[in-house]
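These notebook entries record what I looked up, in the order in which I looked it up. I begin with the chain as a whole and then turn to single residues.

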Amino acid sequence: MAQSLELLLIQFLMPDNDARRQAEEQIKRLAKDPQVIPALVHHLRTAKTPNVRQLSAVLLRKKITGHWAKLSPQLRQLVKSSLIESITIEHSPPVRRASANVVSIIAKYAVPAGEWPDLLPFLFQCSQSAQEDHREVALILFSSLTETIGNTFQPYFTDLQSLLLKCLQDETSTRVRVAALKAVGSFLEFTHDGAEVVKFRDFIPSILNLSRQCLAIGEEDVATIAFEIFDELIESPAPLLGESVKSIVQFSLEVCSSQNLESNTRHQAIQIISWLAKYKSNSLKKHKLVIPILQVMCPLLAETTHGDEDDDLAADRAAAEVIDTMATNLPKHVFPPVFEFSSLSFQSPNPKYREASVTALGVVSEGCFDLMKHKLEPILHIVLGALKDPEQMVRGAASFAVGQFAEHLQPEIVSQYESVLPCILNALEDASDEVKEKSYYALAAFCENMGEEILPYLDPLMGRLLTALQNSPRNLQETCMSAIGSVAAAAEQAFIPYAESVLELMKVFMVLTNDEDLCSRARATELVGIVAMAVGRTRMEPILAPFIEAAISGFGLEFSELREYTHGFFSNVAEILDEGFVQYLPHVVPLAFSSCNLDDGSAVDVDESDGDESVNGFGGVSSDEDAHDERRIRNISIRTGVLDEKAAATQAIGLFALHTKSSYAPYLEESLRILVRHSGYFHEDVRLQAVTALKCIITTAQAVFQGHNEGAIKVKEILDTVMNIHIKTMTEDDDKEVVAQACMNVADIIKDFEYMVVEPYMPQLVESTLILLREQSACQQIESDGEIDDDDAEHDEILMDAVSDLLPAFAKSMGSDFGPNFSKLFEPLMKFARGSRPPQDRTMVVACLAEVAQEMGAPIAGYVDTVMPLVLKELASSDATNRRNAAFCVGELCKNGGEPTLKYYADILRVLYPLFGESEPDDAVRDNAAGAIARMIMVHPEAIPLNQVLPVFLKVLPLKEDHEESIAVYTCVCHLVLASNPQILSLVPELVNMCAQVVVSPAETPEVKAQVGRAFSHLISLYGHQMQPILSNLSPAHANALAAFAPKN
């Protein structure tokens, strides 16, 4: 065979295609015989030309796995020794590398079986050889062997690391150093032991040194390998980088600033900074790297993208992503330098810098929202000024920034509507379609959160939008529809005069079937649903039929975005029709189910190349390895359209169930099955909708099984399923928004069911809450690099608000029995009240304590001495929300805290007093302060100097804003009046005035009015005609309202 095979190998390498094809066919036939292995080994050793030797090695690699077990021990030994010989005496680098690949595959079988004991000693010997070629090939082998027999290296790990470090510093050979670098990358991919990985920290200076040298001579691919290694180190949970983070950042900044380098190389450097910002943000802060990074990234926003450059690799786009990530993770450190850059660049004569100045502000608005809300005026001065810039690119960036502000700087941005809306309206008339499109986006985002403030602008807005909708290209029509949707949502019933025109236009869009028009059809479908919500059932129900028909027929057009918006449309219709939606269930529920059951469309790219296939394109002979090896996954991508569609369908299922109640019975079982599956889905958007919908399913199950023989058992089964998912989600889900939703659901479920029903879940719920308060759940895991200042650890405000709402829910359900559980949760909760914490953390704790005291009652007494100093301090906070919650809390502590509160009464009165005066700008704070005084009087009137307190107290009545305080306040006043308390009877004019205003107030309940009426009647019975002068001062409306309560005699 050897002779014929040699001829075939030579023939295969000929330029003649026919000759090559014949040779390939014959080689395939011969390759089925195990004897092909010794024949190929023979040619690997003896063939005169390197190409034939390389081709022999490539074929060996392809066929060795299938034939290895059939070879005799002698032949196996021959193969191994021949390969070692090829590696040591071969002069051609491609042949050496091809032989090394065969060694790697044989080692996979031979080394674990103990059949190749001298392989590793040979490699160590080779790596220390005087010959550069030997050192290089040994390192190449170490790299490839980690993929097949990495575990075998475990006992030699320390020696290997020393060897690799030495080779990385080999000043005599760049080839050896590059091979060592690749080997480091392979070992890092393979090593999962944190302690072992940490040792790679010592390699960083040598890696940086080699990368700089290679970049200087134009070998950018070496820097690429270095960045891949840094990537591995950054993503590792072990604290790896230490001081080296400074030199990695410095190198990355050098690379991304060098415009002469390839865009891919620069992009990788920017990506490293992005990963550091995401995974090791505390390291950046600790080593004072935030400002140096931003000093490079902000100017990169002004870099011009070359026409031939891939948009995804463009430096300006990548820099924006870094700034966004840093703003999310380090807002306090990022905003000041970005604002400084924007303030200076806004005045630049270079339009790219003016564009960058507003882009930067738009990009950081999500992460730095809290800081930006307090600097809105100077920020808007820059951005609204840029909307009038002579350059289109600057106006476009300004429109984008306004849209970002509208999305992230709520509610403060809406209060600036008088300056912002006219600017957006002007931008809608811009000569550039791009600026127009971004302005529609800004308008949509801005109007979405407006309420009645939009009414004065409604006519000019709708005039322009309706004109634009009829006279613009498709892409502008789509963003225009989004804007109309936001206007409708804000205007609600005031949108009725425009609804008919809009809906007529939508009929045209909702029957489009050409592929290029389906995005517009999707937007139109969404808009009809929003208009329906705005104008209500009465007006929509009679005209809905053609829209529902069009929506159902659009489902068959195989366009994921249209299906997504169709589910949203049906969700809105279900919400306005309630039980009237039942008739559509047989048509729409199967559509939702079909979207939920869609294949995800996950696309996986597999990296099959290893460099050898380039030997004259020899790919015809299949490799036995393919059957045995898992191929390396290079990239995973998801069809996001399907994902959004699934999320919308999941949401729709919950809303259909909620609004059609018992009529949803036929679909309940399948819905639950889908939601359970989706609660563990890989993407958080779908999990979020599944968790939200599961709560709706419980409500529906109660309606479906009401009155059934085994109804209670069925509901209990469903509740079991739902609660177990929620408990698991709280601690194991890695997305904060999903966990927050689970906590909100649990709080609602506990309030909806009596304690007996939820009791079995309480121990696990309390334990999960404890884990969340300690910030130890999966979604709260943060980097372990460097020291973390406990007070400075960033957490998600929405998540912790949701967690803190669980405690009052438990207390409401358990009453005073919550005491023992509260004692476990108290310390972890109080961590958020430290002085170093932001104001919103402290007020979250105070609000939580107030509600727990209200619901748990007497056991709160044991916490008064710990809590009261915090609450007194918060009463003097500069933030109105903090003062309001503290006033509510101090009242509930005094009401339920018993004797321990008495010693604080004087301090409480002193701190509450300013909240009753002119200096307090917030009515809700004043109302809660009145509530606190009322509760204190009710429990310990003897501890209050009523002669001093009552005039101040009555002066702020009636309540202006927080009518939840009405019961406490007016019960106190009426109690004092009905008891004929002399201190309050000295204030009859004030009392009559208060009574009159309460009984005519639309905000007060009939119960409160009746109570106040009784007090007024008591005053009449005490003073009779003496009251006449006071009553004559009242307006006729007030006098008539009070007369209804006066005694008839």
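**Entry 1: the surface.** Accessible areas are obtained by the Shrake-Rupley method with a 1.4 Å probe. The model I am reading is a predicted one. For the protein chain I noted an accessible surface of about 45100 Å². Carbon and sulfur atoms hold 51% of that surface.

**Entry 2: the chain as a whole.** I looked up the secondary structure and found 56 helices and two strands in the protein chain. The chain has 1049 residues, and 55% of them count as buried. I then turned to contacts with a separation of 6 or more in the protein chain: 74% of these join residues 24 or more positions apart.

**Entry 3: Glu874.** Where does Glu874 lie? I located Glu874 in helix H46, which covers residues 864–874. Is Glu874 buried or exposed? Its relative accessible area is 4%, and the cut-off for buried is under 20%, so I entered Glu874 as buried. I next asked with which side chain that of Glu874 makes a polar contact. The partner is the side chain of Asn882, at 2.7 Å. Asn882 also appears among the contacts of Glu874 that remain when neighbours within four places in sequence are left aside. The others on that list are Arg842, Thr843, Val846, Arg883 and Ala886.

**Entry 4: Ala490.** I found Ala490 in helix H27, which spans residues 474–491. Ala490 has a relative accessibility of 7% and therefore counts as buried. With neighbours within four places in sequence set aside, Ala490 is in contact with Cys447, Met450, Gly451 and Ile454. I also looked up the spacing between Ala490 and Leu458, which are 32 residues apart along the chain. Their C-alpha atoms are separated by 9.9 Å.

**Entry 5: the cysteines.** How many disulfides are there? A disulfide requires two cysteine sulfur atoms within 2.5 Å, and by this rule I counted zero. I checked Cys743, which is in no disulfide. The cysteine sulfur nearest to that of Cys743 belongs to Cys779 and is 8.2 Å away. Cys972 is likewise in no disulfide, the nearest cysteine sulfur being that of Cys974, at 9.0 Å. I looked up accessibility for both residues. Cys743 is buried, at 0% relative accessibility. Cys972 is buried, with a relative accessibility of 0%.

Note on methods. Residues are numbered from 1 along each chain as its sequence is written. This is a predicted model: local features need pLDDT of at least 70, side-chain atom pairs count only at pLDDT 80 or more; totals for chains, interfaces and linings use all residues. Side-chain values use heavy atoms; hydrogens and water are left out. Helices (H or I, at least four residues) and strands (E, at least two) are DSSP runs, numbered from the N terminus. Buried means under 20% relative accessible area, exposed over 50%, partly exposed in between (1.4 Å probe, protein chains only). A polar contact is a pair of N or O atoms within 3.5 Å; within protein, one must be able to donate a hydrogen and the other to accept it, and residues adjacent in sequence count only if both atoms are side-chain atoms. Contact means heavy atoms within 4.5 Å.
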